[in-house]
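Please consider the structure shown below, together with its sequence. The paragraphs that follow lead through selected backbone features, helix contacts and enclosed spaces.

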Amino acid sequence: MKRFLRDLLRSSWVQRALGVLAAEYLRLVWLTNRFSYEPANVYDIVEPEMPAIFAFWHGQHFMTPFIKTKESHRAKVLISRHRDGEFNAIAAERLGIGTIRGSGDHGGAFHRKGGVGAFREMLQALEDKWNVATTADVPKRARVVGLGIIMLARESGRPIMPFAMVTSRFIRLKNWDSTTINLPFGRGAVVGIEHVYVPPDADAETMEKLRLQVEAYLNEATRRAYAAVGRPEAALG
């Protein structure tokens with residue numbers, strides 16, 4: 001029975017149904033939360049820098065498709081190739097976000113889980129004027145920025161835009177990335193700090209310094225976002 005349920009949940013039609021339901025639920029959350037932005041003119045700052053690499057923490061990703069507010073904000077998101085990531089891809093595409101299937105790196109080990117192909121596809125997307133959105137931390141190491149996003153910025157010449165997008169009402173799961181399921185009928189906040197450029201000739205020391213900078217910006221963005229919705233205790237340390 002356990003195997004039957006597992007296979008059922010992973011079947012294509014169930015994954016598609018879950019993806020559609022997830023997308024429409026997230027649309028409800030977006031429409032029923034009152035969002036604030038910090039800085040208030042964030043789009044005036046960000047748009048001239050596009051295409052850009054938008055970075056956020058694992059487990060804080062559900063609302064991120066809604067940072068796209070114009071058709072001109074073309075975006076693709078990196079989603080795991082694992083079968084459990086299928087409904088996430090379906091949901092993202094239903095919300096108008098393109099998908100790149102692959103995996104995060106572990107200290108630059110792009111050979112893992114199709115990482116090489118995903119990295120090349122992200123580079124190509126940026127060259128073709130698509131924004132690329134991705135989690136900055138690597139699987140099973142929450143809140144630790146991986147070198148992959150730094151390498152992507154170095155090779156593409158495009159800036160990293162660290163941001164946090166939260167709601168005042170949520171359920172937080174007790175898993176490795178503290179997945180946050182956003183709830184409707186509350187307040188929301190989108191907070192960005194500063195963008196980060198990685199020089200094309202950046203050596204290992206420079207890349208490590210910038211990796212830590214992105215990590216600090218993401219933690220600060222998360223702290224400010226939860227403070228903005230009246231939930232400062234909810235920030236992930």
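Pro39 is found in the loop that runs between strand S1 (33-38) and helix H3 (42-46). In this predicted model, the peptide bond joining Glu38 and Pro39 is cis, with omega about -5°. A cis peptide bond also joins Met50 and Pro51, where omega is about 5°. Pro51 belongs to the loop between H3 and strand S2 (53-56). Helix H3 is thus flanked by two loops, one holding Pro39 and the other holding Pro51.

Another backbone feature concerns Lys129, which is not a glycine and yet has a positive phi of about 75°. Lys129 is placed in the loop between helix H5 (115-127) and strand S5 (131-135).

Helix H5, which precedes that loop, also takes part in a helix contact. Two packed helices are described by the angle between their axes and the distance between the axes. For H5 and helix H6 (residues 147-156), the axes come within 10 Å and cross at roughly 45°. Angles under 35 degrees count as roughly parallel, and those from 65 to 115 as roughly perpendicular; H5 and H6 are therefore oblique to each other. The crossing in which H5 passes H6 is right-handed. On the H5 side, the residues that meet H6 are Phe119, Met122, Leu123 and Leu126. Their partners in H6 are Gly148, Met151, Leu152, Glu155 and Ser156. Sorted by class, this contact of H5 with H6 comprises six nonpolar residues, two polar residues and one charged residue.

A further helix contact involves H2 (12-32) and helix H4 (residues 86-94). The axes of H2 and H4 come within 7 Å and cross at roughly 50°, and the two helices are therefore oblique to each other. H2 passes H4 in a right-handed crossing. From H2, the contact draws on Gln15, Arg16, Leu18, Gly19, Val20, Ala22, Ala23, Glu24 and Arg27. H4 contributes Glu86, Phe87, Ile90, Ala91 and Arg94. The classes represented in the contact of H2 with H4 are seven nonpolar, two polar and five charged residues.

Two residues of this contact, Ala22 of H2 and Phe87 of H4, also appear in the lining of the second largest pocket. What is the volume of this pocket? The second largest pocket has a volume of about 160 Å³. Besides Ala22 and Phe87, its lining includes Tyr25, Leu26, Phe62, Ile181 and Asn182. Helix H2 and strand S8 (180-182) each provide at least two of the lining residues, and H2 gives the most, with three. By class, the lining of the second largest pocket has six nonpolar residues, one polar residue and no charged residue.

The search of the whole structure also finds two cavities of 30 Å³ or more. The second largest cavity contains about 30 Å³ of space. Its lining is formed by Gly59, Gln60, His61, Phe62, Met165, Val166, Thr180, Asn182 and Tyr226. At least two of these residues come from strand S6 (160-167), and at least two from S8. The lining of the second largest cavity divides into four nonpolar, five polar and no charged residues. Phe62 and Asn182 belong to this cavity lining and also to the lining of the second largest pocket. Strand S8 likewise supplies at least two residues to the pocket lining and at least two to the cavity lining.

How values were computed
Residues are numbered from 1 along each chain as its sequence is written. This is a predicted model: local features need pLDDT of at least 70, side-chain atom pairs count only at pLDDT 80 or more; totals for chains, interfaces and linings use all residues. Side-chain values use heavy atoms; hydrogens and water are left out. On a 1 Å grid over the protein atoms alone, a cavity is a set of points where a 1.4 Å probe fits but cannot get out, and a pocket is an open set with protein on both sides within 12 Å along at least five of seven lines; lining residues have an atom within 4 Å of a point. Grid points are joined across faces, edges and corners, and a volume is the space filled by probe spheres set on the points. Helices (H or I, at least four residues) and strands (E, at least two) are DSSP runs, numbered from the N terminus. Ala, Val, Leu, Ile, Met, Phe, Trp, Tyr, Cys and Pro count as nonpolar, Asp, Glu, Lys and Arg as charged, and the others, Gly among them, as polar. Axes are lines fitted to C-alpha atoms, for helices over the stretch in contact, and angles run from 0 to 180 degrees between N-to-C directions. Angles under 35 degrees count as roughly parallel, over 145 as roughly antiparallel, 65 to 115 as roughly perpendicular and the rest as oblique. A crossing is left-handed if the near helix is turned anticlockwise from the far one by less than a right angle, and right-handed if clockwise. Contact means heavy atoms within 4.5 Å.
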